[in-house]
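Me: I'd like to go through this structure piece by piece, with questions as we go. Can you put it up for us?

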Amino acid sequence: MATFWLDVLDETIRACAAHGRTDLAHELQHRRAQLLDPRLRVLVVGAPKQGKSQLVNALLNAPACPVGDDLTTTVPTVVEYADEPSGVQATDPVAHQVVGVPRQLLRAGLVLVDMPPLGRAGPADALLATADAVLLVSDAGTGLSAGEVEFLRYAVQRCPTVILALTKIDLAPRWRQVAERTRMRLAQAGLNTPVVPVSAALRLRAAGTDDVALNAESGFPELVGRLQREVSTKAQRLAPHTAAVLTATAIESLVAPLVAEHATPPAEHTTAALQLRDLQHRHDGLRRHASRWQSALADDISDLVSDIEYDLRDRTRRVLRTVDEFFDVADPALAWDSFVPWLEENLRYAGQANFAWLVQRSHWIATRIAADFAGYRPEVLPESTFWPAADAFGGVAELERPALGEFTLGQKVFTGLRGSYGGLVMFGLLTSVAGLPLINLVSLGAGALFGSKSLRDEGSSRLLRRQSAAKAAVQRHVEDFFLKFSKDCRDVARQVHRTLRDHFLTLAEDLQEEIADAARLAKDTADRAAVEQDRRRQELQREFDGLVALRHKTRLLTTAATAGVAA
Amino acid sequence: MRATLADRAWYLLTTALRMYRDHADAADWMRHQIDRFEGALRIAVTGPACSGKSTLINALVGDEVAPVGTGFVWYQDGPTPRATLYPPGEAERELPVTRVERGLRVEVPGWLPADADPGEIVVDWPARALRHAVLIDTPAADLDGGTMARVRADADAVVYATPTVAEADLLPLRPGPGSSPGAMVDTILVLSRADEVGGSRIDALSGARVIARRRDRGIAVRGRWQTVVAVSGLLAHTARTLSEAEYAALAALAAQPGADLAGHLLSVDRFTGQAFPVPVDAPTRAALLDRLGLFGVRLASTLIRTDGASQDTLPGLLLQHSGLIELRDAVRELFLDRRQVLKARSALRGLRMAVQVWPHPDAGELSAGIEQALASGHELRELALLASLRAGRTRLSAERTDEARRLIGGYGDDIGTRLGAPEYLDPTRAGTLTEESLHRWRGDAENGTLTEDQRRAARTVVRSCEGLLTELAHTDRR
């Protein structure tokens with residue numbers, strides 16, 4: 001038995017140390033030494049003016065502690081055996097005085113500690129851990145107060161051997177009822193504290209007069225008997241009992257955090273698992289997205305090509321219409337040189353505007369697709385959306401000057417002569433009828449007239465010819481321009497299409513790979529966490545099992561100790 | 001005329017009533033304060049649980065009227081015994097009462113739940129002691145301060161009964177937040193179980209008195225209460241109601257030689273035991289024990305045996321021993337004689353609360369007036385000095401103590417009494433007397449050889465003399 005409680009206590013101390021509760025281990029270590037000490041320290045506590053010091057004096061039949069009408073005891077007084085009466089002051093762990101009294105009762109190892117009144121803050125707490133038993137002193141005149149019950153509840157956790165002394169029963173007419181009520185009250189509170197009604201006054205008087213009957217009436221023989229029994233059987237009864245309570249309390253305080261940890265539901269959605277789920281979700285989204293954006297890109301590009309072509313056609317037609325109107329009036333022979341720069345200018349402008357639009361549109365397409373990717377990565381626009389082919393817009397042929405049919409001086413002379421010849425002959429013949437020579441003034445005049453007319457006719461027909469030639473030349477040129485430029489535009493659009501497709505394909509692959517990597521990583525982490533959790537749970541269970549086994553031993557100890565107490 | 005604290009309180013109350021006449025709740029409150037101001041002084045008897053509050057009330061009233069219920073019970077003077085219950089939030093109800101042998105029993109309805117506020121019970125009872133004051137029996141003063149807060153709101157003065165002077169028992173008396181110095185000029189501390197001191201030995205009451213005096217002079221307690229009195233409520237109450245049969249039984253006990261009896265007076269068991277040598281039957285002995293306690297029996301039998309106390313003189317002797325006379329003196333001197341001051345103080349505090357609860361745009365001047373009256377009220381300082389002189393906390397020479405008490409109104413508030421000439425006093429002579437006193441005390445107030453405490457006392461007396469001069473000047477002009 002003696003070794004059993006020590007074993008349990010030692011094991012509990014080890015468990016405390018193993019669980020990082022060095023404070024508990026330290027305290028239990030201290031209590032262990034104390035329980036092995038054959039002396040029995042009894043703390044005499046109670047509210048003010050209940051007769052604590054007088055009780056100690058009456059127990060010993062000696063004025064060991066000062067008593068007075070006013071509050072008297074201010075520091076704990078330790079009363080222990082000494083061959084000669086003595087008294088010293090000490091300060092460890094709290095200020096107290098030690099009084100030695102030569103009394104048989106103390107010789108067996110009983111040490112009484114007369115405490116100052118229980119108050120808001122007293123040394124009772126510090127000393128409670130150093131006590132083997134507690135003697136609570138309560139005035140039989142008033143009965144047990146709520147505060148005293150509270151104190152008892154607290155005290156039995158740290159020092160299970162408690163005796164309640166109801167004092168001053170010589171003065172309280174109804175002390176028997178009070179004692180009965182007190183016992184019931186304690187039973188209700190779940191405390192099996194023995195209640196001993198005593199009267200210090202009677203005991204002291206009995207000692208003075210050697211009155212055995214009066215001594216019996218004082219109730220002290222029972223109290224003395226109880227104390228003596230506790231001292232003589234400390235190792236067999238009190239120590240195991242105390243050890244049982246102490247270890248039970250310590251184990252409870254070790255188990256509580258374990259139970260709390262165990263009770264917290266296993267985090268099904270650990271961060272790793274949550275992350276993994278999120279990643280898988282993203283991965284699926286990306287895959288769904290891939291087919292969608294590709295067809296969207298193709299549609300956009302074909303729209304773009306047709307729009308751009310139409311725009312270019314529209315612009316060139318407008319140029320042509322202007323040119324037609326211009327050459328309806330102007331003589332290409334005169335205006336050509338100034339016309340050519342104008343045309344070049346207009347065509348360049350049309351091409352530029354058209355191209356600008358192309359750039360803008362392709363950029364817009366890129367942005368639109370990039371927006372779909374924004375959920376995966378913030379900056380996904382390609383560095384540039386437009387890569388003109390090296391030879392684009394380079395090879396439009398020069399506008400060649402059309403054959404304008406210049407009206408040279410020789411031709412003019414010839415034409416004039418040819419026209420004037422007819423007139424001259426015609427009028428020369430007519431006038432020759434009249435007897436005039438073939439060449440006369442009239443025929444000469446008519447010749448001149450006819451000559452100039454045919455000259456004029458020839459001039460205007462030549463102008464018309466020139467104009468249509470110029471128009472045709474311009475039309476050809478513009479058609480060339482359109483063909484070439486639209487081809488280039490289409491190439492560029494295709495280029496853009498290809499570049500964007502490549503860019504976003506790479507991006508999508510990149511993203512997919514990235515997400516897959518992350519998912520793998522997250523899965524690893526989640527797996528590890530699950531393993532760790534499992535391990536921790538097993539560990540908890542193991543620790544818990546260890547403590548439960550220890551607690552079982554403690555229960556055995558308690559049963560044994562209670563049986564011992566009952567015996 | 002001197003503007004007394006009561007005058008100022010009255011002026012402020014009427015001003016406030018005018019100011020708040022449009023505000024029904026506030027006006028009701030003001031009218032309640034005015035009624036209270038004109039009514040009797042209210043003294044609450046409170047203290048921790050089992051401190052003998054009800055026994056003390058019985059001792060003060062002289063009849064067994066307490067305890068009645070668990071809540072606040074008011075005892076006021078009335079021609080016929082009557083009890084009215086005021087449950088919170090319900091209409092008042094008359095409670096049936098029966099006269100019993102030594103007092104009154106009130107049938108408190110059993111359905112009152114124990115934890116709910118049982119409301120207030122007002123008991124009308126014809127008694128001389130209630131003519132000038134209403135006594136209030138309160139539940140135990142707990143540490144959370146709920147009871148004490150209500151006591152301070154309801155009562156003008158407090159008798160605090162405590163079984164011991166341990167700090168834990170006195171905690172409810174600690175000054176609350178915002179209380180001004182000298183806030184406790186309304187409190188008398190009573191060591192209520194004085195007969196239990198030192199295991200109820202025969203000189204227990206003198207032991208208790210020693211403790212009381214020691215507490216009274218302690219520097220630490222300055223301002224927490226006016227004075228400490230040791231009283232055995234049980235003894236006092238029984239002394240006032242001792243019957244012929246009881247005296248006969250006590251006399252029979254006393255007839256036995258002291259040595260024979262001593263052994264049987266050792267404990268209650270022995271006193272009520274079978275082997276009692278005196279022909280007084282056990283029920284009578286048990287009844288005696290209930291009425292007097294073992295200490296009372298010992299004291300009474302000793303008084304009869306050694307001092308030859310008769311049935312006429314025994315109650316007086318017991319009363320003297322019980323300390324009730326001192327308590328009554330203290331109550332008269334510190335409470336009843338100063339009821340105008342105490343009631344004015346209560347009214348001002350009630351008014352201050354009302355102004356805080358119902359702010360009024362024009363209340364600035366009013367609250368300044370209230371604060372000034374509460375802080376500078378010279379009468380409160382007179383009252384504090386009076387208690388201090390009484391308890392011996394402030395020590396002056398015997399002659400000076402007497403003069404100071406007289407001048408600050410310890411013997412009576414009117415000019416004649418204060419100047420030591422209660423009969424007719426011609427104004428010139430009164431002026432001379434006052435100026436002489438003023439001169440004397442002014443000297444003391446500036447005398448460096450006196451302690452600070454003595455000089456403070458002197459300054460208070462000087463201020464009283466100045467007040468007298470002002471009053472005399474007003475009388476002259478008339």
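Reply: Start with helix α8(A): its buried residues pack against α3, β7 (161–167), α9 (212–217) and α10 (220–232) of chain A. Helices here are DSSP runs of H or I with at least four residues, strands are E runs of at least two, and both are numbered from the N terminus. "Buried" says that 20 or more other C-beta atoms, placed from the backbone, lie within 10 Å of a residue's own (12 or fewer is exposed, in between is partly exposed). This is a predicted model, where local features need pLDDT of at least 70, side-chain atom pairs count only at pLDDT 80 or more, and totals for chains, interfaces and linings use all residues. Residues are numbered from 1 along each chain as its sequence is written, while chains are lettered from A and ligands numbered from 1 in the order in which they are written.

Me: How many residues of α8(A) are buried?
Reply: The buried ones include Ala200(A), Arg203(A) and Ala206(A). The helix is mostly covered, and out of its 10 residues the buried count is 7.

Me: Which residue with a positive phi follows α8(A)?
Reply: Look just past the end of α8(A) for a phi near 55°. The residue there is Asp210(A).

Me: How is α3(A) oriented relative to α8(A)?
Reply: Helix α3 (residues 52–60) and helix α8 (residues 200–209) of chain A pack at about 30°, with axes 9 Å apart. Axes are lines fitted to C-alpha atoms, for helices over the stretch in contact, and angles run from 0 to 180 degrees between N-to-C directions. Under 35 degrees counts as roughly parallel, over 145 as roughly antiparallel, 65 to 115 as roughly perpendicular, and the rest as oblique. So α3(A) and α8(A) are roughly parallel.

Me: Which residues of α8(A) make the contact with α3(A)?
Reply: Being in contact takes C-beta atoms, placed from the backbone, within 7 Å. On the α3(A) side we find Gln54(A), Leu55(A), Asn57(A) and Ala58(A). Their partners in α8(A) are Ala200(A), Arg203(A) and Leu204(A).

Me: And chain B: how is α1(B) oriented relative to α2(B)?
Reply: Helix α1 (residues 5–19) and helix α2 (residues 24–38) of chain B pack at an angle of about 155°, and their axes are 9 Å apart. That angle is why α1(B) and α2(B) are roughly antiparallel.

Me: Which residues of α1(B) meet α2(B)?
Reply: α2(B) brings Ala27(B), Met30(B), Arg31(B), Gln33(B), Ile34(B) and Phe37(B). From α1(B) come Ala9(B), Leu13(B), Ala16(B) and Leu17(B).

Me: What share of the residues of chain B is buried?
Reply: Chain B has 20 helices and 11 strands. Of its 478 residues, the buried share is 42%.

Me: Which helix gives the most to the side of chain B that touches chain A?
Reply: Here 23 residues of chain B are in contact with 20 of chain A. Helices α5 (167–170), α6 (204–217), α10 (268–272) and α11 (282–307) of chain B each supply at least two residues of that side. With 5 residues, the one giving the most is α6(B).

Me: How many residues are in the largest nonpolar core?
Reply: A nonpolar core is a set of buried Ala, Val, Leu, Ile, Met, Phe, Trp, Tyr and Cys residues joined through C-beta atoms within 7 Å. Val42(A), Val44(A), Ala165(A) and Val190(B) have the most contacts inside the largest one. Its residue count is 186.

Note on methods:
Two residues are in contact if their C-beta atoms, placed from the backbone, lie within 7 Å.
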